[in-house]
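Reader: Please show me the model, and then take me through its nonpolar packing and one helix pair.

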Amino acid sequence: MNLVYFDLETQKSASEVGGWRNKSAMRMSLGVTYATARQGYQIYLEQEVEALIQELRNADLIVGFNILGFDFPVLEAYTVFDLQDLPTLDLLQHVEAQTGRRMSLESLARATLGVGKTAEGVQALRWWKEGKLLPIAEYCCYDVKVTRLLHEHGIRHGEILYFNEQTQRKESIPVHWKPS
């Protein structure tokens, strides 16, 4: 089974395109996948977006964080295919369904793995405007890695963790993800 972990960064912010309802106008700066079949990462620039979409279409399962709500809508500008129909596990949607709350990848990763993200999406936008693709690629690869590690932890332990601000403790979110 080929699991493809996926994340992308954009060229424009929501405010630059008239709001979050216009995600497809944000344009991809680059996308990153990690495929279990090849045991490695692939970085796609905007001009390689067709190859990225083909890799996603060939995956047995695509795993990401907010990919149904963000990454796929951004990619809609590049394809006639309905990416929402692809076999997908969106970790954010799962967490929200379990807890009734939206949580950041940062907070889940810190509580579960003891590591956080290396930057924020707004920094990736600055790098894009400065023409700095390498830091965007590194940041995006790290987000894919954190997503993969969080997913793998959930498979192994049947739970991921978050820090509850009210109780000031780590708490469990049960998950029932199947191994690849």
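The questions below deal with the cores of this predicted model and then with one helix contact.

Reader: Which residues of the largest nonpolar core touch the most other members?

Author: This core has 31 residues. The members that touch the most others are Val-63, Leu-91, Leu-108, Ile-160 and Ile-173.

Reader: Which element supplies the largest share of this core?

Author: At least two residues each come from the strands β1, β2, β4 and β6 and from the helices α3, α4, α5 and α6. The largest share is 8 residues, and the element that supplies them is α6.

Reader: What does Val-63 touch, leaving out residues up to four places away in sequence?

Author: Val-63 lies within β4 (61–64). Its contacts include Leu-89 and Leu-91, as well as Thr-147 and His-151. The others on the list are Leu-3, Val-4, Tyr-5 and Phe-6.

Reader: How many residues does the second core have?

Author: This core is separate, and Leu-8, Ala-35, Val-49 and Leu-83 are among its members. Its residue count is 24.

Reader: Are α4 and α6 parallel or oblique to each other?

Author: Their axes come within 10 Å and cross at roughly 55°. The crossing is left-handed. An angle from 35 to 65 degrees falls outside the parallel and perpendicular ranges, and α4 and α6 are therefore oblique.

Reader: How many residues of the contact of α4 with α6 are nonpolar, polar and charged?

Author: From α4 come Leu-105, Leu-108, Ala-109, Thr-112 and Leu-113. From α6 come Asp-143, Val-146, Thr-147, Leu-149, Leu-150 and His-153. They divide into 7 nonpolar, 3 polar and 1 charged.

How values were computed: Residues are numbered from 1 along each chain as its sequence is written. This is a predicted model: local features need pLDDT of at least 70, side-chain atom pairs count only at pLDDT 80 or more; totals for chains, interfaces and linings use all residues. Side-chain values use heavy atoms; hydrogens and water are left out. A nonpolar core is a set of buried Ala, Val, Leu, Ile, Met, Phe, Trp, Tyr and Cys residues joined through side-chain atoms within 4.5 Å. Buried means under 20% relative accessible area, exposed over 50%, partly exposed in between (1.4 Å probe, protein chains only). Helices (H or I, at least four residues) and strands (E, at least two) are DSSP runs, numbered from the N terminus. Contact means heavy atoms within 4.5 Å. Axes are lines fitted to C-alpha atoms, for helices over the stretch in contact, and angles run from 0 to 180 degrees between N-to-C directions. Angles under 35 degrees count as roughly parallel, over 145 as roughly antiparallel, 65 to 115 as roughly perpendicular and the rest as oblique. A crossing is left-handed if the near helix is turned anticlockwise from the far one by less than a right angle, and right-handed if clockwise. Ala, Val, Leu, Ile, Met, Phe, Trp, Tyr, Cys and Pro count as nonpolar, Asp, Glu, Lys and Arg as charged, and the others, Gly among them, as polar.
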